[in-house]
Amino acid sequence: MMTAIKTVAVCGAGGTMGAGIAIVAARAGYRTISFDRTDDALSRSRNQTEGFVAKSVERGKMSPEARDAMLGLMSSTTEIGELSECDLVIEAVFEDLTVKRQLIRDLEEACKEDAIIASNTSTLSITEIASGSKRPEQIVGMHFCLPAQLMKLVEMSPGLLTSDATLKSAWEWVVASGQTPVKTQDKPGFILNALLVPFNNDAIRAVEAGVAEVVDIDRAIKAGLGYKMGPLELIDLIGLDTQVRLCEAFYPVTLDARASAPPLLRRMVAAGLLGRKSGRGFYSYDGNAMFGA
C-alpha cells in the first residue's frame, strides 16, 4: 500500500545537508519538521535558511509570498516524539552505521507504523542500515546532493527488503518536490560517490604532491571539464571531516586505494581546518552562510 505523504521530518536538520533537504520539502508545499538534538544546531540552521530565502527573494528567484508560505510550513524540535504524525522521515545524520541504526530504531518507536524512513547516506548500505529494523520494507535510500536546495539529483536506492510500494511513494515525493530521482543499486557509493570520493581524493593528493596550487587545480577542472565547482571547493563545502568519514565508510568495503583518506586530509582535519563551516579549509571564508545565500 502506498503512503500519501503530507508531513515530512528531517533528522539531522542542524547540519548543512539536513537544512537543505528541509528547504526542498517546505518549498514544495509540505509541512516540514526539522529535528536535531540541540537547540543551538536548529537555531543555526534556521538562521541560514532565513538568509537563503531572503537572498532568493532579493535575486528574484522567489516571491515574498512564496517565502512566507515556505517558512510558515517549517517548524523545529529536539523531541523525537513530535515526529509521530510524519509520513516521511529523512535521516541526514553523519556517516556512521551504528548511529544511523540507532536513529532508525528510535524513529520506529516514535513514528506511526506506515511512515517511510529514508536515509540520506551517501556510502553505506541501505540493507545494512535497515538490519535489525522492525519494518525494513519501509526503509529506502534517498541521497540528495549538496547543496540540496540547489542540486536536483536524488539517488534512490532500495535495500534488499525495501517494498515496491515504499520505493514508489518515495520516488513520487521526490518528483513532486521538484527533484530528479535516479534509481541505483544498494552498492558502495551508489553512482555519485563511487566516482566522486576517489576523484576528490586525487585532487587532494595533487595538492599534497605539489602538482599545482589549490586554486589552479580547481580552475583547471572547471575550465577543462566544465564543472561548476572545483573538487577542492566541493570538499570545503561538504566538510573535510565529512570527506574523511566518506573515505572511512567507503574504503573498507571497496579496498580501492584511491578511496582511502589522504594524509594531508587527515592532518587538516586534526588542525580544525574543516572547510566552510570552520571558516578555513583549502580556502578561507568569512562567515558560515548557507551555499547560495
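# Worked exercises on a predicted model

The salt bridges in this structure number 13. The structure is a predicted model, and the exercises below treat selected local features of it.

## Exercise 1. Salt bridges and their surroundings

Task: For the salt bridge between E58 and K55, determine the N to O distance, the placement of the two residues and their exposure.

Solution.
- Step 1. The closest N and O atoms of E58 and K55 are 3.6 Å apart. The cut-off for a salt bridge is 4 Å, so the pair qualifies.
- Step 2. Helix 2, residues 39–58, holds both E58 and K55. The two are three residues apart, which is about one turn of the helix.
- Step 3. E58 has a relative accessibility of 60% and therefore counts as exposed. K55, at 29%, counts as partly exposed.

Task: Establish which parts of the chain are tied together by the salt bridge of D87 with K112.

Solution.
- Step 1. The closest N and O atoms of D87 and K112 lie 2.5 Å apart, and the pair forms a salt bridge.
- Step 2. D87 sits in the loop between strand 3 (74–77) and strand 4 (88–91), while K112 sits in the loop between helix 4 (97–110) and strand 5 (116–119), so the salt bridge ties together parts that are 25 residues apart in sequence.
- Step 3. D87 is buried at 7% relative accessibility, whereas K112 is partly exposed at 26%.

Task: Identify the network in which K100 and E91 take part.

Solution.
- Step 1. A salt bridge joins the side chains of K100 and E91, with an N to O distance of 2.8 Å.
- Step 2. K100 and E91 are both buried.
- Step 3. Through salt bridges that share partners, E91, E95 and K100 form one network.

## Exercise 2. The environment of H143

Task: Locate H143, decide whether it is buried or exposed, and describe its contacts.

Solution.
- Step 1. H143 belongs to strand 6, which covers residues 139–144.
- Step 2. The relative accessibility of H143 is 5%. Buried means under 20%, so H143 counts as buried.
- Step 3. The side chain of H143 makes a polar contact of 2.8 Å with the side chain of E155.
- Step 4. With neighbours within four places in sequence left aside, the contacts of H143 include S119, N120, T121, S122, L153 and V154, as well as L192 and N193.

## Exercise 3. The environment of D236

Task: Describe the position, burial and contacts of D236.

Solution.
- Step 1. D236 is a residue of helix 9, residues 231–238.
- Step 2. D236 has a relative accessible area of 0% and is therefore buried.
- Step 3. Apart from neighbours within four places in sequence, D236 is in contact with L274, G275, R276, G281, F282, Y283 and Y285.
- Step 4. At 2.9 Å, the D236 side chain reaches the backbone nitrogen of F282.
- Step 5. D236 and E137 are separated by 99 residues in sequence and by 36 Å in space, C-alpha to C-alpha.

## Exercise 4. Helix packing

Task: Classify the mutual orientation of helix 8 and helix 9.

Solution.
- Step 1. Helix 8 (residues 214–225) packs with helix 9 at an angle of about 110°, and their axes are 7 Å apart.
- Step 2. Angles of 65 to 115 degrees count as roughly perpendicular, and helix 8 and helix 9 are therefore roughly perpendicular to each other.
- Step 3. V214, I217, D218, I221 and K222 of helix 8 meet P231, L232 and E233 of helix 9.

Task: Classify the mutual orientation of helix 10 and helix 11, and state the handedness of their crossing.

Solution.
- Step 1. Helix 10 (residues 240–254) and helix 11 (residues 263–270) pack at about 135°, with axes 9 Å apart.
- Step 2. Helix 10 and helix 11 are therefore oblique to each other, and their crossing is left-handed.
- Step 3. On the helix 10 side, L240, D241, Q243, V244 and E248 meet L265, R266, M268 and V269 of helix 11.

## Exercise 5. Backbone geometry in loops

Task: Characterise the backbone at P147, F190 and L255.

Solution.
- Step 1. The peptide bond from L146 to P147 is cis, its omega being near -5°. P147 lies in the loop between strand 6 and strand 7 (153–158).
- Step 2. F190 is a residue other than glycine with a positive phi, near 50°. F190 lies in the loop between strand 8 (180–183) and helix 7 (192–208), and is buried at 9% relative accessible area.
- Step 3. L255, also other than glycine, has a positive phi near 55°. The loop between helix 10 and helix 11 contains L255, which counts as exposed at 62% relative accessibility.

Technical notes: Residues are numbered from 1 along each chain as its sequence is written. This is a predicted model: local features need pLDDT of at least 70, side-chain atom pairs count only at pLDDT 80 or more; totals for chains, interfaces and linings use all residues. Side-chain values use heavy atoms; hydrogens and water are left out. Helices (H or I, at least four residues) and strands (E, at least two) are DSSP runs, numbered from the N terminus. Buried means under 20% relative accessible area, exposed over 50%, partly exposed in between (1.4 Å probe, protein chains only). A polar contact is a pair of N or O atoms within 3.5 Å; within protein, one must be able to donate a hydrogen and the other to accept it, and residues adjacent in sequence count only if both atoms are side-chain atoms. Contact means heavy atoms within 4.5 Å. Axes are lines fitted to C-alpha atoms, for helices over the stretch in contact, and angles run from 0 to 180 degrees between N-to-C directions. Angles under 35 degrees count as roughly parallel, over 145 as roughly antiparallel, 65 to 115 as roughly perpendicular and the rest as oblique. A crossing is left-handed if the near helix is turned anticlockwise from the far one by less than a right angle, and right-handed if clockwise.
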